[in-house]
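Subject: The structure I promised you

Hi,

Here is the structure we talked about, ready for you to open. Have a look around first, and then read on for what turned up.

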Amino acid sequence: MAVRWWCWRRARKPGNKIRMAGGGRCNFTNYDVSDEHYLSHNRHFVKSALSRYTQWDFLSLVQRYQIPFHERDHGQLFCNDSSKDILDMLQAECRDAGVDIHLKTNIETVTHDPGGGFTLRCEGRNWRCQSLVVATGGLSVPTAGATPFGYRIAEQFAIMVWPPSAGLVPFTMHAEDKLRLAPLSGIAVDATVSCEGHSFRENVLFTHRGLSGPAILQISNYWQPGLSVYVDWLPDTDLAGALTEAAHQHPRQQLKTFISQSLPQRLAALLLDEKLAIMPLGELSNTQVAEAGKGIKSWRFNPAGTEGYRTAEVTRGGVDCDAVSSKTMQAKAQPGLYFIGEVLDVTGWLGGYNLQWAWSSGWCAGQYV
Ligand SMILES: Cc1cc2nc3c(=O)[nH]c(=O)nc-3n(C[C@H](O)[C@H](O)[C@H](O)COP(=O)(O)OP(=O)(O)OC[C@H]3O[C@@H](n4cnc5c(N)ncnc54)[C@H](O)[C@@H]3O)c2cc1C
């Protein structure tokens, strides 16, 4: 039987998020992909799809289209030129498969037909299909066309949706902290950021609204309101040991001068208590060394919140994976209805993992519809 593929999109252009991805260079996958790079209430759900359509499969497609790419830190793969290369490749694949892409088309309702299949109502027209693949993404970046429509479809078919929230997103600060951190705006520091037993070592960036940078975006996936976040500003340094050694060599050097050799002066001033900052190294007591260690190796802050969906790269939560087959992506209780990509309760780390999930889950569903 000949299969016809239709794809409906609200947006004016296809692949808005691919265009935006990786700052316009699309971090399309990662050399190192495993279930450990994902969050979901069902930890095992991603394993099957990721092992059947892997990063190597997507990479071989990229290579077949001769798209120039390069590797950055942590195995992240980016286009050399533009995200458009990936988008053009996907559109070419769609053309080969005979997919009709309908842009500027908002799907309004979905109904299950008594004899099987589905009817979609959009812009005054009805479309009938045997299989319906919901790939409506999450709520991040509403200006790129994000809607909660996929969640509503799931709920309509009695499938649970884990409450969505912004992920891979900068933190905002309480007014008092914002004032204290304001002079640091623009500074970026390589640090280890931790929350709830998870740690990431990458840059932390001070902004005029709060804290951002890759380490902050990564940890935001694990943060919940009310939790504290800890930063080790000198992850390669045994501070107590370094202070003991420096106290022998330069006993009169002030603590802030010593710390400013490794951290920006303004940051050192923020992390150290004023009185402690001017103490000569040779006069530091054990308690004061411990206090300095707390401020620099385990600096604690309580985010006021996040910047929300306006700047978030992903949405945490979504369609319950327990209600979906990990092999086919088909809803267990509703034959013909599939969920793929970010609409599901699957959230990847920063580093090409969210797109790889979209490729892997999409490919798996494609084998069965
Ligand atoms: C700024 C930014 C940068 C990113 N960079 C990266 C990166 O470099 N690497 C990476 O791995 N991930 C990145 N991500 C995340 C990644 O883009 C997403 O996880 C991925 O696009 C999800 O794919 P999807 O197909 O599930 O959903 P989406 O790409 O969000 O597509 C969903 C589509 O459904 C449409 N839609 C929604 N409701 C309706 C409706 N009612 N009717 C019709 N159409 C509808 C939307 O308009 C949209 O076109 C980035 C995200 C953002 C926001």
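Which atom of the ligand lies 3.4 Å from a backbone N or O atom of Gly352? It's an oxygen atom. Before you go further, keep in mind that this is a predicted model.

**Around the ligand**

Gly352 isn't alone in offering its backbone: a polar backbone atom of Gly145 sits 2.9 Å from an oxygen atom of the ligand. With Asn106, look at the side chain instead, where an N or O atom is 3.3 Å from a nitrogen atom of the ligand. On its own, the ligand would expose 1000 Å², and the protein buries 90% of that.

Two helices each give two or more residues to the shell around the ligand: H1 (16–20) and H13 (353–366). H13 gives the most, with 4 residues. There are 27 residues around the ligand, and the ones that come nearest are Gly22, Asn27, Thr147, Glu342 and Leu355. If you sort the shell by character, you get 11 nonpolar, 11 polar and 5 charged residues.

**The sheet of 7 strands**

Next, try colouring the strands. You'll find an open sheet made of 7 of them, in the order E17-E16-E13-E14-E15-E12-E18, with antiparallel pairing. At the edges are E17 (299–301) and E18 (305–306), and each of these pairs on one side only.

Inside that order, E13 and E14 are neighbours. E13 covers residues 188–195 and E14 covers residues 198–206; they run antiparallel and are joined by 8 bridges. To see how they line up, find Ala188, which stands opposite Leu205 in E14.

There's a helix to spot here too. H12 (residues 286–297) lies across E16 (229–232) and E17, and runs at about 105 degrees to E16.

**The sheet of 3 strands**

Another open sheet has 3 strands, ordered E7-E8-E9, and the pairing is again antiparallel. Why do E7 and E9 each have one side without a neighbour in the sheet? E7 (107–112) and E9 (125–129) stand at the edges with a single partner strand each, so one side of each is left free of a neighbour there. From one strand to the next, the twist averages 20 degrees.

E8 (residues 118–122) runs antiparallel to E9, and 5 bridges join the two. Thr119 is a handy place to check this, as Thr119 stands opposite Arg128 in E9.

Have fun exploring, and shout if anything is unclear!

Cheers

Key. Residues numbered from 1 in each chain as written. Predicted model: local features only at pLDDT ≥ 70, side-chain atom pairs only at ≥ 80, totals over all residues. Heavy atoms only, no water. Near = heavy atom within 4 Å. Polar contact = N/O pair within 3.5 Å; in protein donor to acceptor, adjacent residues only side chain to side chain. Areas by Shrake-Rupley, 256 points an atom, 1.4 Å probe, with all protein chains shown as cover. Nonpolar A, V, L, I, M, F, W, Y, C, P; charged D, E, K, R; others polar. Pairing = 2+ DSSP bridges. Contact = heavy atoms within 4.5 Å. Axes fitted to C-alpha atoms, helices over the stretch in contact; angles between N-to-C directions.
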